[in-house]
Amino acid sequence: MAVGARRGPSDADRRWLAAAARLAERARPRSTPNPAVGCILVKDGRVVARGWTQPGGRPHAEAMALAAAGEAARGATAYVTLEPCAHDSTRGPCCAGSLVAAGVARVVVGCPDPDPRTAGAGHAMLCKSGVEVVEADCPASRTSLAGYLARAALNRPFVTLKLALSLDGCIATAAGESRWITGETARAHGHLERARHDAILVGGGTLRADAPRLDVRLPGLDDRKPNRWVLSRGTAPVGWQVLTGPSDLSPLAPAQYLFVEGGAGAAAAFLAADAVDRLLVYRAPVIVGAGLPGIGDIGLASLGSAHGRWQRTDTRRLGADTLEVYVRTR
């Protein structure tokens with residue numbers, strides 16, 4: 001814990017940090033190569049200003065909130081999902097210094113910054129200047145920063161695997177017909193997920209069979225253009241990035257979020273490599289029978305080793321379909 005930091009956040013601190021984490025979602029994924037951060041300035045129980053990381057990574061969330069607050073920032077508490085940066089750049093001053101200069105009295109941080117240029121230094125700069133720092137270790141902040149933290153810890157993007165399945169686990173009929181297993185509402189939700197990712201990946205078989213556009217077809221979000229990747233040993237159309245396996249993810253910076261859409265071979269490759277962090281399972285109320293399975297062989301040695309790996313975090317109805325969300329536990 002940094003010198004001068006208070007030992008724990010209050011319930012109100014946790015609520016404001018959760019709100020800042022929801023605000024950070026507005027920045028994803030357009031803040032790449034910088035993380036999507038949210039900042040809320042509060043004084044006397046009222047919001048003074050809000051900010052989130054802007055497209056291309058600058059200005060940072062703190063800079064946006066301070067600019068909106070002006071003199072009202074003096075004496076306020078800043079709720080920030082990520083430790084304020086401590087290094088100046090050609091694109092702007094460091095956020096820790098800006099918070100000090102603005103007269104902020106207190107900073108509550110949801111997650112320490114793993115970047116060695118800042119790690120701990122942001123907190124130290126604030127404390128040295130007399131600003132009270134509360135390190136909250138907020139789960140909502142960590143969730144909102146999942147891509148940034150995965151890149152720092154694992155040297156790869158945060159990977160979400162999407163599965164659109166029948167009740168009996170098929171993605172297509174035996175003849176290969178797959179349009180559409182899920183309904184319109186579920187497909188719209190899938191396009192919303194596309195808009196929240198830096199890149200979308202499909203297998204080579206899916207690319208050859210379906211020639212997917214991998215664009216975002218939602219009103220107001222059709223300007224989102226995720227990078228298009230394919231898992232293949234061969235070539236790909238112009239504008240597509242070819243990966244031969246999940247191990248190729250490491251050098252593909254600055255992508256912080258990857259959406260794997262299928263098919264069965266691509267799903268199996270990422271699961272077998274233990275390179276999936278989140279599962280989205282869209283399940284339609286249909287039975288296909290002798291169809292094509294959603295996941296290929298992942299080399300599972302025993303049923304016992306399959307247990308305890310996934311935790312369900314959400315279930316919701318999407319029209320006639322059901323969405324289940326799972327995160328990896330180990």
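**Exercise 1. Identify the acidic residue with which Arg-278 forms a salt bridge, and locate both partners.**

Solution. Step 1: Arg-278 pairs with Glu-193 in a salt bridge, with 3.4 Å between the closest N and O atoms. The term denotes a side-chain nitrogen of Lys or Arg within 4 Å of a carboxyl oxygen of Asp or Glu. Side chains of opposite charge can pair when their charged atoms come close.

Step 2: Arg-278 belongs to strand β12 (residues 278-283) and Glu-193 to helix α7 (residues 184-195), so the pair ties together parts that are 85 residues apart in sequence. Helices (H or I, at least four residues) and strands (E, at least two) are DSSP runs, numbered from the N terminus.

Step 3: Arg-278 is buried, with a relative accessible area of 15%, and Glu-193 counts as buried at 5% relative accessibility. Here buried means under 20% relative accessible area, exposed over 50%, and partly exposed in between (1.4 Å probe, protein chains only).

Step 4: A network of salt bridges with shared partners joins Arg-156, Asp-274, Asp-277, Arg-309 and Arg-328.

A note on the basis of these solutions: the model is predicted, local features need pLDDT of at least 70, side-chain atom pairs count only at pLDDT 80 or more, and totals for chains, interfaces and linings use all residues. Residues are numbered from 1 along each chain as its sequence is written, and side-chain values use heavy atoms, with hydrogens and water left out.

**Exercise 2. Describe the salt bridges of Arg-106 with Asp-13 and with Glu-132.**

Solution. Step 1: A search of the whole structure gives 18 salt bridges. In one of them, the side chains of Asp-13 and Arg-106 meet at 2.6 Å, N to O. This pair links distant parts of the chain, since Asp-13 is in helix α1 (residues 11-24) and Arg-106 in strand β4, 93 residues apart.

Step 2: Arg-106 also meets the side chain of Glu-132 in a salt bridge (3.5 Å, N to O). With Arg-106 in strand β4 and Glu-132 in strand β5, the pair ties together parts that are 26 residues apart in sequence.

Step 3: Asp-13 counts as buried at 2% relative accessibility, and Arg-106 is buried with a relative accessible area of 12%. Glu-132 counts as partly exposed, at 26% relative accessibility.

**Exercise 3. Determine how the buried residues of helices α2 and α4 are arranged, and what covers them.**

Solution. Step 1: Helix α2 (residues 61-69) has Ala-61, Glu-62, Ala-65, Leu-66 and Ala-69 buried. These residues fall within an arc of 125° seen down the axis of α2, so they line one face of the helix. The arc is that of the directions from the helix axis to the C-beta atoms. Ala-67 and Ala-68, on the other side of α2, are exposed.

Step 2: The cover over the buried residues of α2 includes β1 (38-43), β2 (46-52), β3 (77-80) and α3. Just after α2 comes Gly-70, with a positive phi of about 60°.

Step 3: In helix α4 (residues 121-128), the buried residues are Gly-122, His-123, Leu-126 and Cys-127. Because they cover an arc of only 130° around the axis, they are on the same side of α4. Their cover includes α3 (95-101), β4 (106-109) and β5 (132-135). Gly-130 follows α4 and has a positive phi, near 90°.

**Exercise 4. Examine the surroundings of Ser-141 and Cys-138.**

Solution. Step 1: Ser-141 lies in helix α5 (residues 139-144) and counts as buried at 0% relative accessibility. Apart from neighbours within four places in sequence, Ser-141 is in contact (heavy atoms within 4.5 Å) with Leu-17, Ala-21, Thr-81, Gly-110 and Cys-111.

Step 2: Cys-138 is in the loop between β5 and α5 and is buried, with a relative accessible area of 9%. Not counting residues up to four places away in sequence, Cys-138 touches Leu-17 and Gly-110. The C-alpha atoms of Cys-138 and Gly-110 are separated by 4.7 Å, although the residues are 28 apart along the chain.

**Exercise 5. Characterise the pairing of β14 with β15.**

Solution. Step 1: Strands β14 (310-318) and β15 (residues 321-328) run antiparallel and are joined by 8 bridges. Two strands pair if DSSP finds at least two bridges between them. The bridge partner of Trp-310 in β15 is Arg-328.

Step 2: The two strands form a hairpin with 2 residues between them, and Gly-319 in the turn has a positive phi of about 65°.
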